Amino acid sequence: MTNTLSLIPSGIDTYRQAVVYMNEDCHICRAEGFSAQARIRIDLSNRWIIATLNVVARGGWLAVDEAGLSTSGWEALGAQLGARGHFSHADVPFSASSIRAKAYGRRLDQNSFSAIIQDTLDNRLSDLHLAAFITSCAGDRLSESETVALTRAMQTAGETLDWGGAVVLDKHCVGGLPGNRTTPIVVAIIAAAGQLIPKTSSRAITSPAGTADTMEVMAPVALDADALRKVVELEGGCIVWGGGLNLSPADDHFIRIERPLDFDSTGQMVASVLSKKAAVGATHVLIDMPVGPTAKVRSTEAAAALGVRLKLVGAAIGLNVTLHQSDGSSPVGRGIGPSLEARDVLAVLRRAQEAPLDLRGRALDLAGKLLDLAPGARAGRGRREAEALLDSGAAEAKFLAICTAQGGFREPDAAAHRIEITAGVSGQLIAIDNRLIARIAKLAGAPRQKSAGVRLLARTGDQVIKGQPLYEIHAETPGELAYSAGYAESHSNVLTLSEAAK
């Protein structure tokens with residue numbers, strides 16, 4: 001058949017990006033003028049995808065009459081071995097003109113954002129298009145009205161869960177604070193109190209661990225919407241990965257581009273957070289904003305501006321948004337990295353003697369504020385109720401029940417390789433750089449390697465002596481351990497000792 005090739009799976013994971021591999025001598029490449037990075041439409045029966053072309057040199061692993069598909073492309077097309085796909089030029093995406101307009105500083109309306117979201121989900125936009133869109137929205141380049149429009153477009157592109165008019169509580173932390181893994185504790189407390197809290201969380205974008213990464217150490221998180229509903233109906237709450245659901249589905253495509261770019265956009269962050277909250281059916285949302293010199297939000301002024309945007313957009317889409325500003329000057333708990341953070345979570349839930357008091361306190365503050373938001377609650381009583389549920393063991397029992405409902409609880413693993421970083425002088429520890437300590441944890445392999453990361457052995461305010469261990473790096477391979485340790489040794493400003501000690 002003209003313009004058809006035999007389809008084979010390449011076995012190459014390109015993470016949600018459809019890629020097609022064709023031999024440079026392929027007759028379709030020559031006849032149609034296809035070249036590397038071309039956008040190509042592939043039709044198979046009643047399905048179609050748009051894929052980015054990578055060209056394989058002659059004599060390579062592809063025959064001239066074959067086309068290899070990336071894992072995501074193969075699954076999206078529903079291909080089977082022996083199938084033949086039809087290849088043609090992809091049409092220029094309708095929303096490309098809107099992306100171009102945004103790059104030149106024009107304001108976009110609801111229809112423009114909706115078109116960009118739909119083209120993203122249909123894979124009509126290349127990674128270059130998406131990078132251009134994300135960059136053009138970076139910083140404060142989205143106005144308040146644009147943020148509302150983008151939030152609505154992201155939410156309406158997917159499903160929205162309906163809980164029959166019930167009050168649904170939810171929380172989110174804007175991030176930038178290593179180890180601040182309050183969500184599993186908060187969800188356990190809120191569900192134990194009899195409230196609904198269907199919590200969807202993301203994997204790490206620029207951090208050593210996201211809530212979904214940490215929770216996955218202890219229980220499955222890749223649930224679909226039906227499974228999520230069953231867990232919540234049974235236990236009152238869940239902690240699952242939002243990327244496995246069709247709730248604000250475009251966000252995961254944006255995250256894939258944002259991760260290597262390693263920057264954040266205020267408007268896109270607000271749209272990402274609130275579109276997911278609306279999609280999960282939340283009615284009352286508590287936003288935790290840690291503020292500190294090396295946190296994501298670095299000043300009270302920045303927190304105030306972000307808070308105004310969150311409340312404005314929340315009100316526009318029907319969410320009751322409450323803000324909570326917390327101390328973001330240093331990491332929370334002792335562990336940084338999925339398994340290490342999971343150990344801290346379990347220590348708090350189990351009321352262990354070694355449980356980090358700062359993590360416990362933060363979780364109780366947030367859970368208390370959420371309980372105060374529930375209609376009919378007596379203001380100011382929430383924290384005492386949260387503390388009673390944690391101290392009685394009710395929160396631990398609820399957390400284990402949620403894990404069981406999600407597929408089964410498991411204890412966190414430990415890394416095979418460790419090394420201690422010691423103090424070069426004696427003195428008082430007065431500061432820990434959130435970004436640098438997170439960088440070391442990532443170089444050690446987190447979050448990809450679940451047991452990798454950093455465990456803090458000293459905290460801000462501690463008196464330390466020369467040669468005393470300050471933190472311990474955990475890695476799953478000797479190479480990652482050596483590389484992260486080398487970085488740590490060359491950056492003595494990760495932890496700051498008092499001037500008097502120097």
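**Figure 1. Strands S3 and S4 side by side in the predicted model.** Let's start with a pair of neighbours: S3 covers residues 39-44, S4 covers residues 47-56, and the two run antiparallel, held in register by 6 bridges. To find your place in the ladder, look for aspartate 43, which sits opposite tryptophan 48 of S4. The two strands make a hairpin with 2 residues between them.

**Figure 2. Zooming in on serine 45, in the turn of the S3-S4 hairpin.** What is the phi of serine 45? It's positive, at about 55°, even though this residue is not a glycine. Serine 45 belongs to the loop that links S3 and S4. Is serine 45 buried or exposed? The relative accessibility comes out at 76%, so serine 45 goes down as exposed, the cut-off being over 50%.

**Figure 3. The pairing of S3 with S6.** S3 also pairs with strand S6, which takes in residues 84-89. This pairing is antiparallel and counts 4 bridges. Arginine 41 is a handy marker here, with serine 88 of S6 standing opposite.

**Figure 4. Serine 98 and its contacts.** Serine 98 is part of helix H3, made up of residues 96-103. Which residues does serine 98 touch, once those up to four places away in sequence are set aside? They are Leu108, Ser112 and Ile116. With a relative accessibility of 10%, serine 98 falls under the 20% cut-off and is therefore classed as buried.

**Figure 5. Asparagine 123, with a positive phi.** Here's another residue that is not a glycine and still has a positive phi, this time of about 60°. Asparagine 123 is placed in the loop between helices H4 (110-121) and H5 (127-136). Is asparagine 123 buried or exposed? Its relative accessible area is 14%, which means that asparagine 123 is buried by the under 20% criterion.

**Figure 6. The cis peptide bond before proline 447.** Check the bond that joins alanine 446 to proline 447: it's cis, and omega is about 0°. Proline 447 lies in a loop, with helix H17 (434-443) on one side and strand S15 (453-456) on the other.

**Figure 7. Inside the second largest pocket.** The volume of this pocket is about 290 Å³. There are 17 lining residues, and those closest to the centre are Thr422, Gly424, Leu470, Ser492 and Leu495. Which elements each supply at least two residues of the lining? Strands S13 (417-422), S17 (469-475) and S18 (495-497) do, and so does helix H18 (478-490). S18 gives the largest share, 3 residues. By residue type, the lining breaks down into 9 nonpolar, 6 polar and 2 charged.

**Figure 8. Stepping back to the chain that frames these close-ups.** The secondary structure adds up to 18 helices and 18 strands. The radius of gyration is 24 Å, and the globule rule gives 23 Å for 502 residues; the two are close, so the chain is as compact as a globular protein of that length. Along the principal axes, the C-alpha atoms fill a box of roughly 75 × 55 × 45 Å. Buried residues account for 55% of the 502 in the chain. Among contacts with a separation of 6 or more, 79% come from residues 24 or more positions apart.

Notes. Residues are numbered from 1 along each chain as its sequence is written. This is a predicted model: local features need pLDDT of at least 70, side-chain atom pairs count only at pLDDT 80 or more; totals for chains, interfaces and linings use all residues. Side-chain values use heavy atoms; hydrogens and water are left out. Two strands pair if DSSP finds at least two bridges between them. On a 1 Å grid over the protein atoms alone, a cavity is a set of points where a 1.4 Å probe fits but cannot get out, and a pocket is an open set with protein on both sides within 12 Å along at least five of seven lines; lining residues have an atom within 4 Å of a point. Grid points are joined across faces, edges and corners, and a volume is the space filled by probe spheres set on the points. Ala, Val, Leu, Ile, Met, Phe, Trp, Tyr, Cys and Pro count as nonpolar, Asp, Glu, Lys and Arg as charged, and the others, Gly among them, as polar. The radius of gyration is taken over C-alpha atoms; the globule rule is 2.2 Å times the number of residues to the power 0.38. Buried means under 20% relative accessible area, exposed over 50%, partly exposed in between (1.4 Å probe, protein chains only). Contact means heavy atoms within 4.5 Å.
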